[in-house]
Amino acid sequence: MRAARLVPLLVLLLFLLPLVTHAAWWSMRGGADDWRRADWSSAKLLPAASIEPEATVHVFAARVGRWRGVFAHHSWVVVKERGASAYTRFDVVGWGTPVRVNHREADGRWYGNLPELVTEVRGEAAERLIPRIREAVKAYAYATPGTYQAWPGPNSNSFVQHVMAEVPELAQALPPTAIGKDFRNDGLFAGFTPSRTGVQASLYGLAGVTIGWVEGIEVNLLGLVAGFDLRSPALKLPGWGRISPLGSSSPSS
């Protein structure tokens with residue numbers, strides 16, 4: 001009986017309370033309420049490709065627009081071959097053909113929100129990974145119109161998680177607020193984490209548990225994630241994302 005009473009309390013403390021408090025904060029921050037008026041320009045996080053001779057790989061994430069920004073990020077992948085004069089951006093959107101190439105600026109704001117860098121790889125290591133990233137993009141199973149689902153997936157974060165699972169050398173986890181990252185093609189899933197550093201069990205992306213060195217400890221409930229980062233100690237909370245005692249929490253805007 002005591003355990004039965006504890007479960008609702010944990011759900012309240014770990015999922016609902018963080019989400020409600022972040023929603024209150026988000027409602028006070030302002031921002032564009034229409035995609036036409038939102039700022040989609042470069043955030044100037046990347047140097048001009050013409051002055052960056054080495055190969056590079058970047059994964060970015062930014063808060064989505066309007067009320068959905070309370071709990072969700074949008075993520076994408078950017079590559080540049082050695083000596084290339086331009087970056088190539090891959091992401092998935094919810095209208096038309098889902099997989100887009102150079103749909104926005106490589107380091108562009110998303111709905112006016114600044115991107116955060118999830119991970120980057122440079123030089124010879126990037127040169128080795130870029131062909132595999134391009135193959136992973138081509139192999140994405142939900143690339144035809146009508147296959148996108150905002151929740152629980154497959155969505156933009158499901159796409160980037162697919163790429164990171166196919167190229168585990170990227171060795172980083174998406175933000176806990178990347179709703180859809182835990183969606184799996186098989187629906188019922190039990191196996192290695194995308195980084196291959198732990199194990200994961202998932203029920204259609206709606207509920208699950210992840211334990212891994214890169215991903216940390218995560219409990220997924222209806223796409224919301226609560227947990228703890230083991231590699232760089234931090235709490236993971238719905239809405240707020242990653243909160244580090246060292247002050248390196250994921251930005252919320």
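Strand E2 (73-80) and helix H3 (156-166) each contribute at least two residues to the lining of the largest pocket, where helices (H or I, at least four residues) and strands (E, at least two) are DSSP runs numbered from the N terminus. The model is predicted, so that local features need pLDDT of at least 70 and side-chain atom pairs count only at pLDDT 80 or more, while totals for chains, interfaces and linings use all residues. Residues are numbered from 1 along each chain as its sequence is written, and side-chain values use heavy atoms, with hydrogens and water left out.

The largest pocket has a volume of about 620 Å³, and of its 28 lining residues those closest to the centre are Val-64, Arg-68, Ala-72, Tyr-148 and Ala-150. On a 1 Å grid over the protein atoms alone, a pocket is an open set of points with protein on both sides within 12 Å along at least five of seven lines, a cavity is a set where a 1.4 Å probe fits but cannot get out, and lining residues have an atom within 4 Å of a point. Grid points are joined across faces, edges and corners, and a volume is the space filled by probe spheres set on the points. Three cavities of 30 Å³ or more are counted by this rule; the largest cavity has a volume of about 70 Å³, and its 13 lining residues include Gly-180, Lys-181, Asp-182, Gly-205 and Gly-223 as the closest to its centre.

The largest nonpolar core holds 26 residues, of which Val-57, Ile-133 and Phe-159 touch the most other members. Such a core is a set of buried Ala, Val, Leu, Ile, Met, Phe, Trp, Tyr and Cys residues joined through side-chain atoms within 4.5 Å, and buried means under 20% relative accessible area, exposed over 50%, and partly exposed in between (1.4 Å probe, protein chains only). Helix H2 (123-138) is among the elements that supply at least two residues of this core, and H2 gives the most, with six residues. Apart from this core lies another, of 22 residues, among them Phe-15, Val-64, Val-93 and Trp-110.

Within H2, the buried residues are Gly-123, Ala-126, Leu-129, Ile-130, Ile-133, Ala-136 and Val-137, and the buried residues of this helix pack against E1, E2, E3, strand E4 (99-101), E5 and H3. Leaving aside neighbours within four places in sequence, Ile-133 is in contact (heavy atoms within 4.5 Å) with Val-57, Val-77, Val-79, Val-163 and Val-167. H2 bends by about 30 degrees at Leu-129, with Pro-131 following within four residues; the bend is the angle between axes fitted to the seven residues ending at a residue and the seven starting there.

Thr-56, in strand E1, is buried, with a relative accessible area of 0%. Not counting residues up to four places away in sequence, Thr-56 touches Val-78, Val-79, Lys-80, Tyr-87, Val-121, Arg-122, Ala-126 and Ile-130.

The loop between H2 and H3 holds Pro-152 and also Pro-154. A cis peptide bond joins Trp-151 and Pro-152, with omega about 0 degrees, and the bond from Gly-153 to Pro-154 is cis as well, with omega near 10 degrees.

Two residues other than glycine with positive phi are set out below.

| Residue | Loop | Phi | Relative accessibility |
|---|---|---|---|
| Arg-66 | between E1 and E2 | near 50 degrees | 44%, partly exposed |
| Asn-102 | between E4 and E5 | near 55 degrees | 42%, partly exposed |
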